[in-house]
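Below is a briefing on one protein model. It covers the sheet, the helices packed on it and the nonpolar cores.

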Amino acid sequence: MNFLDEKIQKDGIVKEGNVLKVDSFLNHQMDIDLFDKIGEEFKHRFADKNINKILTVEASGIGIACIVARHFNVPVVFAKKSKSINIEGEMYMAEVESFTHKCKNQVIVSKKFLTSDDHVLIIDDFLANGCALQGLISIVNEAGAFIEGIGIVIEKGFQVGGQVIRNLGYHLESLAIVESMDASTGVIKFRHQ
Ligand code: 5GP
């Protein structure tokens, strides 16, 4: 069991509807020492990549991406959730269905901050069905930038996202992969990597 599996086992709460609550350390209260270890681990796993930018999506990806960025010495760009109409020509836009809130959001990134010169590491907290990642991938593709890799803190391996993204050929690294979880017993099982 790695440091993150242990933390999830200790403090994660399994909710109905395949939702894992980790808001005591990851996406509400944030454990910065843990984030730092996460950053170190991503740096190790993507050591051979030439990354000049980190891309994530608001809100819960931002804190993690910022600490990860310290390990790569690169800036972070986050896709903003926007209800307003895309200002024609100035923004890249994708539609993302939220797993936790069951609604659709437009996410936008300014063309100023992502260009065909960029070599991007995409970072997010969770991977479930892969909608958030598909949105970010389409924005990077629209910009003509290159995806060097994708780093996920917690992948729910029993949902389809991981397989979909790996089948697309991306270098996807998930620090913890939950194989199964049971809301009635609270038992969480991890995939050994
Ligand atoms: P996907 O787009 O892959 O279906 O879902 C990923 C997004 O939904 C993540 O950005 C994350 O914010 C949210 N999410 C998905 N599953 C969970 C979960 O079990 N717990 C929490 N806290 N967020 C989740």
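**Strand pairing, helix packing and cores**

Strand 8 (residues 146–156) pairs with strand 9 in the parallel sense through six bridges; strands are DSSP E runs of at least two residues, helices are H or I runs of at least four, and both are numbered from the N terminus. Two strands count as paired if DSSP finds at least two bridges between them. This is a predicted model, in which local features need pLDDT of at least 70 and side-chain atom pairs count only at pLDDT 80 or more, while totals for chains, interfaces and linings use all residues. Residues are numbered from 1 along each chain as its sequence is written, and side-chain values use heavy atoms, with hydrogens and water left out.

**Sheet**
- Eight strands make up an open sheet of mixed pairing, in the order 5-6-4-3-7-8-9-10.
- Its edge strands, strand 5 (91–97) and strand 10, each pair on one side only.
- From one strand to the next the twist averages 30°; axes are lines fitted to C-alpha atoms, for helices over the stretch in contact, and angles run from 0 to 180 degrees between N-to-C directions.
- At one edge, strand 5 runs antiparallel to strand 6 (residues 104–110), with seven bridges joining them.
- Glu-95 is placed opposite Gln-106 of strand 6.

**Strand 9 and its partners**
- Strand 9 (residues 172–181) is largely enclosed by the rest of the structure because eight of its 10 residues are buried; buried means under 20% relative accessible area, exposed over 50% and partly exposed in between, with a 1.4 Å probe and protein chains only.
- Toward strand 8, Leu-172 of strand 9 is the bridge partner of Ile-150.
- Strand 9 pairs with strand 10 (residues 188–190) in the antiparallel sense over three bridges, and Ser-180 has Lys-189 of strand 10 as its bridge partner.
- Six residues lie between the strands of this hairpin, where Gly-186 adopts a positive phi near 80°.

**Helices on the sheet**
- Helix 2 lies across strands 7, 8 and 9 and runs at about 120° to strand 9.
- Helix 4 lies across strand 3 (53–57), strand 4 (76–82) and strands 5, 6, 7 and 8, at about 165° to strand 5.
- The 13 residues of helix 4 (residues 131–143) span 19 Å from first to last C-alpha, close to the expected 18 Å, which is 1.5 Å times one less than the number of residues.
- Buried residues in helix 4 include Leu-133, Leu-136, Ile-137 and Val-140.
- Gly-144, just after helix 4, has a positive phi of about 75°.

**Nonpolar cores**
- The largest nonpolar core holds 32 residues, and Leu-20, Leu-26 and Ile-38 have the most contacts inside it; such a core is a set of buried Ala, Val, Leu, Ile, Met, Phe, Trp, Tyr and Cys residues joined through side-chain atoms within 4.5 Å.
- Among the elements giving two or more residues to this core are helix 1 (3–11), helix 2 (32–45), helix 3 (60–72) and strand 7 (119–127).
- Helix 3 contributes the most, with six residues.
- A second, separate core of 25 residues includes Val-77, Ala-94, Ile-122 and Ile-165.

**Leu-20 and Val-14**
- Beyond its neighbours within four places in sequence, Leu-20 contacts residues including Val-14, Phe-126, Ile-154, Val-178 and Ile-188; contact means heavy atoms within 4.5 Å.
- Val-14, in strand 1 (residues 13–15), counts as buried because its relative accessibility is 11%.
- Not counting residues up to four places away, Val-14 touches residues including Met-181, Gly-186 and Ile-188.
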